[in-house]
Amino acid sequence: MLLVLWAVGAAWASPSMVVTNATLAKGLCSEHQKEIPVTLPDDWKAHNLKPPAVACYRAKIFMAHSPTIAWALRIDRLPGNHRITVNGIQLTTRHMEGADVTSMATLPYLIELPVNVLLAGDNDIEIDVRMGPFRKPGISPMTAGPIALMRADFDTWTSLTVDLPKTLNWMVAGMALFLLLAWRARPSDKVFAYFGGLMVVMSSRNAFYFLETIGWPIPIVDWLFFSSHAVTSFYLVAFGMSYANVDLSRIINPLRVLVVAFILGSFAALDTPHLNTLRLIAYPIMMIGGIVVVIKVVQTAWKRDWVEAVFMTAGPVGTYISVAHDYLFLTPYLDVTDLYWTPYCTPVIFLGYALTLMRKFVDTMNLSERMNITLEERVAERTRALEVANQSKTRFLASASHDLRQPTAAIGLLVSLLRQQKVAPEVKELTDMLDEAVASMESLLVGLLDISRLDAGAVQVQFQPVCLNDVFHAVRVHEKSAADAKGLQLRFRFPANAGPHLTVLTDPVLIHGVLRNLVANAIRYTKQGGVLVAVRRHGKRRLRIEIWDTGIGIAPDQQERIFDEFYQVGNSARDRSRGIGLGLAIVRRTASLLGEQVTVKSRVGRGSCFSIELPLNHVNTSKPVAPSSPQHPMAGRNAWIVEDDPILRRALGEMLQSWGAQVRTWPDGEALLDELPQLLAATSRTQRPDILITDYRLPGINGLQLSQTIQAYLRESGVSLYTLIISGDTDPAEIARLNASGQVVMAKPFRSERLLEQLLALHQAKAA
Ligand code: ADP
């Protein structure tokens, strides 16, 4: 409306003349058919003309003088296919030859009238037009005037009525494609699909309104326009109903069928009068369907907040009105000078709904942030609760395993003693079985201790150059007998071009534990064939140690789970003779302390390969382990034992005596300290103790304080004493304290061989 007022105002203000009287004839002007007088704007009512068709307008301009400057003829509505002749001079011709390119719209044109074209008196204007299908035909009044005065107004008018709506609609079509992409990412949000589809179809059709001409056959263009209306109606109903939360599942398929039927039906009716009949049926249905949807959407929007209510009322109601207006525009009720409204309305609706979506998006983001904060708080709370639960589990494990270790250590030593006795074969068989049972109980307790020490961070890593050959030697010493017992070959292989003294930078104790565990498993899970420990170079700086076996293998879905605590493949009955399921958990934790990873490759029935990488070191400093075990390895040594548990005390005493040592025992530290001055005074220098074995948890002072006090006491008299603290503690704090003391600590329970190994090592150190 504003645009029209502005145009009228602009025309009035310029010194130009408006032509409204003309004649209309069917066919081209050159055909000179019967002319009928018309008043511009005209939309082909005379002659009962309808597009697609060709017509000829004639008009006159009276000039008092022939103008000395260039003039122009402005026609705001003129079909894209036209030819203009003034006084017999053809000024412009657009696509008038052949009917293959047809006009899509009536658009504004400014035709220059050079000097000498207009003459004094009447000037004849002839305009041939050809109008494409399904558009408002005809032309507007013509305005003639000096071109310099008309150009600016004309350009503004063209920008506002052609360029702006065309550009906006292409933009909306492009942006609506993003909504379709959003729907692809979230298929459950169908409203994106419906609104996106609606906007793509509607705005591209709007943009088509402004195309001057189109090169497609007229029936196809006609059919495409009809189909696009049917698709638009479908999307409108689908969008409106999903927005209003109406369950679409029942109506969506009938709707689809209806739309497809219209599209196919109109295709079949192409180029026949039936197409118009179909339109007559279809459009009222679409208009009625549209009104139901608009009411639903508006009702829903008013249940939400006012911003949404305003946008979602203005949008659909505006669309409905503009669509109704544009249909009316095609009838003779509205002049050809009117404008299509939908091209202006569609971008506004898009903007409105985009704003609604944006608000929803922002609200959702805010909500998710709030939920995130709450979630984080709850996670932190749960973590704290878990930590507390974990600590009490550790405490429980510590005290339970401490209390279990004491008797287990005693039983272990007593069984060892028993096996040294000469007994009847039946008793021997029983003691062997007892020994086996105690061994498996011990390994469980040792495993638990190892795990809790690793979890408590109580294991200190001491990186140093380590000769691999030495580590392998130690592993072989421990595992060879198990391999021999099963008739398996246990082999160690270095890279072809490397000497046996290849050294790596690692912690000797920890890597020994890892390899021993892996080799023990390889032997345990192999029936025939062998176990190979192979070393390969991995780049210039690293080595890879691979433990291959020809055993039962591990299924792919189990290969990660075997590293979990107590997980054993196919041992749901928990048969303890098949291990306890802690080995690989310890291996993985130990390896990660070393900064490495243990990996596994395996095929069921073919065997497995566990591997670990280590950094190379080029200096060889470690010494081979020297295993020695004479008949009475402790002969001539004095050992003092402090242990509050009478059975363990006795078992330890007898064990050491059986190895040839002189033994004295006390139930607690204070009893020993009371006697200490007398003992030192009375006994000769050679009878002074070499080794003190003390329990850590004693009544009164603990084993650590006791050994430190005695060491200090003896140091004054020039005697050096080596102490071995035996401890069943799993409490991380206690373990850490003991480790930090620098004393040699051995965890309970232990087998007699380990005790002997430890004592001999201490003795060697003392001798050195
Ligand atoms: P354990 O050997 O005491 O059962 P581990 O933690 O060392 O416990 O191993 C866990 C499980 O992994 C074993 O029970 C076994 O099923 C599987 N496993 C470990 N090493 C091998 C191997 N070399 N070959 C086949 N299975 C193995």
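Buried here means under 20% relative accessible area, exposed means over 50%, and partly exposed lies in between. The model on screen is predicted.

**Stop 1: the antiparallel sheet**

Start by selecting residues 36–39, which are β3, and residues 89–94, which are β7. These two strands stand at the edges of an open sheet, and each has a single partner strand, so one side of each lacks a neighbour in the sheet. The sheet is built from six strands in the order β3-β2-β4-β10-β6-β7, with antiparallel pairing. From one strand to the next the twist averages 25 degrees.

Now add β6, residues 81–86. Five bridges join β6 to β7, and the two run antiparallel. To find the register, pick R83, whose bridge partner in β7 is T93.

Stay in this sheet and show the side chains of D124 and K60. They form a salt bridge, with 2.5 Å between the closest N and O atoms. D124 lies in strand β10 (residues 121–131) and K60 in strand β4 (residues 53–63), so the pair links distant parts of the chain, 64 residues apart. Both ends fall in the middle accessibility class: D124 is partly exposed at 38% relative accessible area, and K60 is partly exposed at 49%.

**Stop 2: two helical positions**

Select helix α6, residues 274–303, and find I281 in it. I281 is partly exposed, with a relative accessible area of 48%. Add F262 and draw a C-alpha to C-alpha distance: I281 and F262 are 10.0 Å apart in space and 19 residues apart in sequence.

Move on to helix α8, residues 342–420, and centre on M358. M358 is partly exposed, with a relative accessible area of 47%. Which residues form a nonpolar surface patch with M358? Select L351, L355, F361, V362 and M365 along with M358; together the patch has about 560 Å² of accessible area.

**Stop 3: a salt bridge between two helices**

The structure holds 22 salt bridges. For one that joins helices, show E479 and R516, whose closest N and O atoms are 3.1 Å apart. E479 belongs to helix α10 (residues 468–485) and R516 to helix α11 (residues 508–524), with the two positions 37 residues apart in sequence.

Is E479 buried or exposed? Its relative accessibility is 8%, so E479 counts as buried. R516 at the other end is partly exposed, with a relative accessible area of 31%.

**Stop 4: a charged network**

Select R536, R542, R544, E546, E596 and E613, which are linked in a network of salt bridges. Side chains of opposite charge can pair when their charged atoms come close. Within this group, look at E613 and R544, whose closest N and O atoms lie 3.4 Å apart. The pair links distant parts of the chain: E613 sits in strand β19 (residues 607–617) and R544 in strand β17 (residues 542–549), 69 residues apart. E613 counts as buried at 18% relative accessibility, while R544 counts as partly exposed at 23%.

**Stop 5: the parallel sheet**

The last stop is an open sheet of five strands with parallel pairing, in the order β21-β20-β22-β23-β24. Its edge strands are β21 (662–666) and β24, each pairing on one side only. Neighbouring strands of this sheet are turned by 20 degrees against each other on average, direction ignored.

Select β23, residues 722–727. Why is β23 described as largely enclosed by the rest of the structure? Five of its six residues are buried, so the strand is largely enclosed.

Next show what flanks β23. On one side is β22 (residues 691–695), which pairs with β23 in the parallel sense over five bridges. Pick L692 to see it stand opposite T723 in β23. Add helix α15, residues 703–716: β22, α15 and β23 make a right-handed β-α-β unit.

Then select β24, residues 744–747, which pairs with β23 in the parallel sense over four bridges. Two positions show the register: I725 stands opposite V745 in β24, and the bridge partner of I726 in β24 is M746. In a regular strand the side chains alternate between the two faces of the sheet.

Technical notes. Residues numbered from 1 in each chain as written. Predicted model: local features only at pLDDT ≥ 70, side-chain atom pairs only at ≥ 80, totals over all residues. Heavy atoms only, no water. Buried < 20%, exposed > 50% of the residue type's maximum accessible area, 1.4 Å probe, protein only. Pairing = 2+ DSSP bridges. Right-handed = clockwise from strand over helix to strand, strands pointing away. Patch = residues over 30% accessible without salt bridge, like charges linked within 9 Å, V, L, I, M, F, W, Y side chains within 5 Å. Areas by Shrake-Rupley, 256 points an atom, 1.4 Å probe, with all protein chains shown as cover. Salt bridge = Lys/Arg side-chain N within 4 Å of Asp/Glu carboxyl O. Axes fitted to C-alpha atoms, helices over the stretch in contact; angles between N-to-C directions.
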